[in-house]
Structure formats: C-alpha cells, structure tokens
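User: Could you take a close look at the nonpolar interior of this protein and describe how its parts fit into the whole?

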Amino acid sequence: MKATQRAPAVDSILVVPIEFLLLVFASWTLSYHLWLLLELPARFVFAPALALVFIGALALRRAWSNDLRRSRAQRGARAGGRGPLLVLIAMGGVCTAFSLLVSFHNYDDLAFFQRALVQLGSLDAPFLLGDTAHNRPGLPALSVTHLMSSYEVLVAMGAAFLHLDPLGAYHNGAPAVTLFLLPVVYVLLYSSFGLGPWMSLVSAAAAIGFLVLDGEPAQSFGRFGPVRAQQGKVVLVMLLLPTLLFLSMRALRAPLPRNLFFVAAATVCGPGLTGSGVFMVPILVFGVAATFFVSTRITAERLRSCVLVCVAAGYAVALALAFATGLLPGPADIEVWNIWGSTIWWENLGLIVGGRWALARDLLLLLAIPWVALAPPLRRFPALLTLVLCAVFANPLTGPFWLEHLHSTAYWRLAFLFPLPFCAGLIVPALSSLRPSRTSLVAAGLTAAVAATSVMAYQGSTMKRAHLKPPFDYRFEPRVHEFARRVAPDLDGRNVLAPYGVVMALGLLNPTVRFEITRPFETRHIFNNAGDPAEGLRREAAQRRVQTPFGIARMDEALQEAIAQGVDTLVVVRDALPEVSALMRLPDEEWEIRRYDEYVLILRNGK
C-alpha cells in the first residue's frame, strides 16, 4: 500500500547526527583547503576546524534540542514507536559487520591514502603538494583534485592524534561509520518521499541489497558501493549523493537558513571526499532544483527556493569555475587517463550501465517504478529528475561538451547522479500496492519486467571478487598481504621495484618505502607531467621484468637501469626469478635473496 505520510518520529531523531557529521566534515574540509592555500604547518589544521564546529553547533543547539524533544514525544504517543528506530539500528549494525568482515581490495588506496600516511611524519611542515610514492624527488602529484581531497588526511591525522592505527582506521573504522549511516540516509530519503517508517526501512534494505548485488561492469553502482566504503570517492557516490538529494528537497520545500546551510555544507563535503565532487555535487543540486521547479505549478515562490538552493552550492561551483578558468591548474598531460573510457559520450556513460539489458532495467527503475510505488505528486519526481539530468549532460547536444571538459576518465561518473539505488528500493512499495485494480496490474507488469531485465543483465555480484577477512584485518589481497606483512618492517627507507599489486600493500604498511613505479598508468602520468615521458615508459618496462617470466631486451635494459639509478630492493614473482638472477648475475655477495611462497625478495646488502 502506498504510504502518503512522512515518519517524523524516525526523521527528526536521525537528521541531527547526519547534520552534525556534515558540519564536522565541512568544517574540516574548509580548514584543510585554507591550510593548503596558505601552506601552514599541518599540525595546526584542527584549530580552525574545531572553531567552526563549535560555532555551528552553538548556533544549531536549540534547533537540534527541539528535534530530539519532538522525536521523543512522537515516539511516546505512537504504539510501537521505538520499533522502526531499533530495527534501523540493527540494520546499521549489520552493515557495519559487513564492512568489517568483507574485503574488496582496490589499488586506488595507495594513490589516496599513502600521502596521508607520509604526512604524519611531517606534521610541522605544510601539507605535501608533490608526489610522495616514487623514488625521484620533486615529481608532481597526480592532480590538484587529488590534493584537495581532505577525507583521507582527516582519517589518518584523526587516528594518529587518538593513538589509533591510521591504516586500520582507513580500512575498518571509516567504512564501519559510513555503512552504519547508509541505511539511515536511505530511510530519511524514503520518508521524505512519503513512505512510512516500516516501508522506508524495507526499501532502504532493498536499495542496499541492490548495491551489493550490482557487481558488473567495473564502474557499476555496486563497485562504488559497500565493498569499497573506505574510499572517499565511494563515500561520495554511495552516501553523500543521496544525502544531498534529501537535503536539497528539504531546502526546496522550506528554504530556511538551517536547511540552506546544510545544502551548502554538503556541497563543501563533496570536493573534500574526491575531486569528482567539484562537478558532481553542483550538477545534482541544479538538477534537483530544476526538477522541483517544473514538477508542479510554477510560481515565484518556487523560483526563489530554487535560486537559494543553487546559491547554497556556491563553494563547489566556485571550485569548478576556478578549474575551468585555469585559476586552479589541471594536469598538463592527461593522455594516460583516456585509456579508461570511450571518447563517444554515450559509450562513455555506458561504462556504468553494462549492456542493453542493464539499460532497460535501469530505465524501468528510473522512469516507471516510482509511478506505481509513490503517491502523487512525488511519484513523478524521480522520472523528472532523470529527464532533467539527461537534458544537462546525457544527450547529443550537451554530452560532447561535458566529455570534452571532463575528459573520458571523469565524464562517466555523471551517471552516478541518476537515483538508481533509490529507485531500486521502490520495488518494495510497488509490490505492496498489488491488489485487484488496474494500477496493480501495471505495477505487477512493471515489476515483472524489472525482474526479467535484471536476470538478463546480471553479470555477477560485487561479492564475486570479495573475500572474508578477520574483523580488524586490512583490505589487501590475502596472498599479497601475507608477504607484505612479513617483509615491510625490513624495508624502512628502501628504494623498491615490485609488481604493482605488492606495491599497494608495501606502500601502506610502510610509508617510508619509495618505489621505482606504482601502478603503470599513474607513474606514466606523473612522468609525462614532469616532462620526462620516456622515463615513465622505462619504469613500466622494469616492472614487467619482475612480474612476468617472459622478457624482452627492452625490459632487461630497463631493470639494469633501475638498479644503476639506485633501486636497492626487488620483489620478483617466483617464475621470473631465473631470468632476473641471470640478468643480475646472482648469487652475489652484494645481494641477499629471501624466498617466500609466491615472491622472492632481493635486497642490496649494507642498506
């Protein structure tokens, strides 16, 4: 049965912690960006952040107290009023357990978190603005947007100041908090669309289930879902975007200072989570505002609300304009990044979709299911929002424009703005409306169509590549983790050439290690922008020599050059050891050889 009333007893008690966390992270991001600009000692960055949090909490104290008081009164006046809240807490606990027990290793962790770990050794210096992973000083960072990401730095510095393990906080603590909040955000969102507390809970569970099951292609919603909750860009897609949808709709309905403030706070958080937030956040706010404006009768009051909400997104808009005008520089050479996607706009967006059957499923979820799951007038909102977003960036006129300016490596991420997980959760209220009527027949037909297309489109769950781990273990590939755990303590300050899978684990377990090469395309990108593209190619050839038993002369020469330039430690796959040994004329007193299950460690003595 369609629910037409909101659930204030659930809403009001959950809004407060969400708003508080937004206040904290927005304050931190503003402080971090200010410290980057002024190049002040990193140690003192918490001072302005704490001041902003204190001022904000003081200003909002009365509103939050009223919310909590109202929530208690409403729960007491309703039979079983605590039930939905207790179930929601249990759902959060299940999601938290998932984050602690399921590991899905991803090589982006090194690019995002290694810098934060290195910074912990230089807290009296300004935040590091160059590359921190390679063995050549003075190399540029991957990009300015990577530097602007404040999330990883907060996790590392916060853990260090609390005397916790920074890598453990990143791989376990932060994902646990994120996934505990995930059902909270979706319950808030569903309740804002008129679903009751129990229906909101079940719909939220369905939306989270969609994120777990949607595992292919590699850029799918599921790959940016619970299995990778440690990464800021995943937190943006999975948690902040639905939060921003809820906050924007709340502010459009009631453009009060508090509501507008938290839209602004969320748009500050976006660039703090990942560079993609610079453009994804303002486009979503604009899309929601435009949808609200045209969804019912157009009035001057609605126009005023839309303008105020769009103005609230000013921080992210200002950053986007700074990049567009060159005030904030982008990389001079981005050729390497273009390997990730097609230069045809619809094919590029298709990286998230995964085929015709998946496209049919997604269109049914976005355009049709809300009409039978929600009550008017809100039932038209998801479909209208989808059409507005298509008009903004997904059509033959605007698609090429955005692809040209965002490039193929980032344009496809705009597809995450479509509220697909939210609409997947609406299958539950759509099914609950099945009763003898014309509408129920339509709902049954649409649900059957979604089920059929889902079966045809299914390529595998995210769990297919995941594995179970001990609750507080790190998120590494098990065989790599075992090797890296054993050797990392012996590699302080060493200059290492290793396969890229090993590089990620070693770089995070021992941030004093410097590498000849990390991931090939990242190293090539950095050396391209340093004006030495040939060196990036040479280093890639050297890495291939130690991770494959089959080599060519160019790879042998690259390895010899790496050793001549100062590489003092090699990690070699066992199958490649005979060729590498012959090339290095091992055994030799200058080198020590340690054999492990799948890898061989070769260290220069006296280092």
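**The nonpolar core and its surroundings**

Analyst: In this predicted model, residues 24 or more positions apart account for 74% of the contacts in the protein with a separation of 6 or more. The secondary structure comes to 26 helices and seven strands, and 58% of the 607 residues count as buried.

Turning to the interior, the largest nonpolar core has 188 residues, of which Leu506, Leu570 and Ile602 touch the most other members. Helix 9, spanning residues 232–253, contributes the largest share of this core, with 15 residues. Apart from this core lies another one of eight residues, including Leu139, Leu142, Ile334 and Trp337.

Leu570 deserves a closer look: leaving aside residues up to four places away in sequence, Leu570 touches Leu497, Val546, Leu559, Met584, Trp591, Val600, Leu601 and Ile602. Trp591 is also among the residues touched by Arg604, together with Arg494, Ile563, Val567, Asp568 and Glu590, again not counting residues up to four places away in sequence. Arg604 itself sits in strand 7, which covers residues 599–604, and Arg604 counts as buried because its relative accessibility is 17%, where buried means under 20%.

Elsewhere, helix 11 (residues 277–295) is mostly covered, with 15 of its 19 residues buried, and this helix reaches 26 Å from its first C-alpha to its last, close to the expected 27 Å.

For the protein as a whole, the radius of gyration is 25 Å, which agrees with the value near 25 Å that a compact globule of 607 residues would have. The exposed surface is about 24,800 Å², and carbon and sulfur atoms supply 65% of it.

Technical notes
Residues are numbered from 1 along each chain as its sequence is written. This is a predicted model: local features need pLDDT of at least 70, side-chain atom pairs count only at pLDDT 80 or more; totals for chains, interfaces and linings use all residues. Side-chain values use heavy atoms; hydrogens and water are left out. Helices (H or I, at least four residues) and strands (E, at least two) are DSSP runs, numbered from the N terminus. The expected span of a helix is 1.5 Å times one less than its number of residues. Buried means under 20% relative accessible area, exposed over 50%, partly exposed in between (1.4 Å probe, protein chains only). A nonpolar core is a set of buried Ala, Val, Leu, Ile, Met, Phe, Trp, Tyr and Cys residues joined through side-chain atoms within 4.5 Å. Contact means heavy atoms within 4.5 Å. The radius of gyration is taken over C-alpha atoms; the globule rule is 2.2 Å times the number of residues to the power 0.38. Accessible areas come from the Shrake-Rupley method with a 1.4 Å probe; for residues, only the protein chains shown count as cover.
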